[in-house]
Amino acid sequence: MRDLKNSETVKNLMRAFAGESQARNRYTFAAGIAKQEKLPVIEAVFQFTASQEKEHAEIFYNYMKELSGDTIHIDGGYPVNISQKTVDLLKAARHNEYEEHDSVYKAFGDKAKEEGFEEIGRVFHQIGAIEKIHGDRFELFADLLEQNKLFVSETAAGWMCLNCGHVLTATQAPAMCPVCKHEQGYFIRLELAPYTRM
């Protein structure tokens, strides 16, 4: 019979739980910096991703329910990404997400399968694939911000105000939404707007 309590997999579950919990907090903090920089779109990106990290943490935590009441001791290294610049926080988040995808969760999943925890191994690999999507998202917005293209397009593009939903076509998002009067930072390219079919 498989013994989760004395496995490396349970330590990896706790490491993953700790890492996802910290990522959620880092992204919540980063959302606050984006808000200060009048970038509500980036704030929303960080908050959206933070919610998914919370879900990942809960998934990993629930695999340890048979050990409720125990304490699991782990070692681990976790990033310190403190900056007052949103673009720096996006780049750091991108790096961390790719690291989880490229090596950490792959190794955790492989170890779980080796120890006979097939489902846990599969979930590590699946969440690792999600972390790649997170990294790609952060990279996209870091690039747009760094290239001064977050609110500007070389050709006419659709823009949506995330506050009221107003949509317009232009080469640049307006300085202020003509409907709700919210600032430019609320605009997102229509193809990136949530729950929108192009």
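## Close-up views of a predicted model

**View A. Strand 1 and strand 2 lie side by side.** Strand 1, which covers residues 152-161, runs antiparallel to strand 2, and five bridges join the two. Please keep in mind as you look around that this is a predicted model. Two of the facing residues are worth finding here: Gly158 stands opposite Thr169 of strand 2, and Met160 has Val167 of strand 2 as its bridge partner.

**View B. A hairpin links strand 1 and strand 2.** Between the strands of this hairpin there are five residues. Look for Gly165 in the hairpin, where phi is positive, near 95 degrees.

**View C. Three strands make up an open sheet.** Reading across the sheet, the strand order is 2-1-3, with antiparallel pairing. Strand 2 (167-172) and strand 3 (187-189) each have a single partner strand and stand at the edges, so one side of each has no neighbour in the sheet. Neighbouring strands are turned against each other by 40 degrees on average, if direction is ignored. A helpful point when following any one strand: in a regular strand, side chains alternate between the two faces of the sheet.

**View D. Helix 1 packs against helix 4.** Helix 1 spans residues 8-36 and helix 4 spans residues 118-146; their axes are 13 Å apart and meet at an angle of about 25 degrees. Because angles under 35 degrees count as roughly parallel, helix 1 is described as roughly parallel to helix 4. The crossing of helix 1 past helix 4 is left-handed.

**View E. Here are the residues where helix 1 and helix 4 touch.** From helix 1 come Thr9, Asn12, Leu13, Ala16, Glu20 and Tyr27, and they meet Ile120, Phe124, Ile127, Glu131 and Phe138 of helix 4. Sorted by character, the residues of this contact are seven nonpolar, two polar and two charged.

**View F. Asp88 sits in helix 3.** You will find Asp88 in helix 3, which covers residues 86-114. Its relative accessibility is 32%, so Asp88 counts as partly exposed, a class that lies between buried, under 20%, and exposed, over 50%. For a sense of place, compare Asp88 with Gln147: the two are 59 residues apart in sequence, while their C-alpha atoms are 13 Å apart in space.

Key. Residues numbered from 1 in each chain as written. Predicted model: local features only at pLDDT ≥ 70, side-chain atom pairs only at ≥ 80, totals over all residues. Heavy atoms only, no water. Pairing = 2+ DSSP bridges. Helix = DSSP H or I, 4+ residues; strand = E, 2+ residues; numbered from the N terminus. Axes fitted to C-alpha atoms, helices over the stretch in contact; angles between N-to-C directions. Parallel < 35°, antiparallel > 145°, perpendicular 65-115°, else oblique. Left-handed = near helix turned anticlockwise from the far one by under 90°. Contact = heavy atoms within 4.5 Å. Nonpolar A, V, L, I, M, F, W, Y, C, P; charged D, E, K, R; others polar. Buried < 20%, exposed > 50% of the residue type's maximum accessible area, 1.4 Å probe, protein only.
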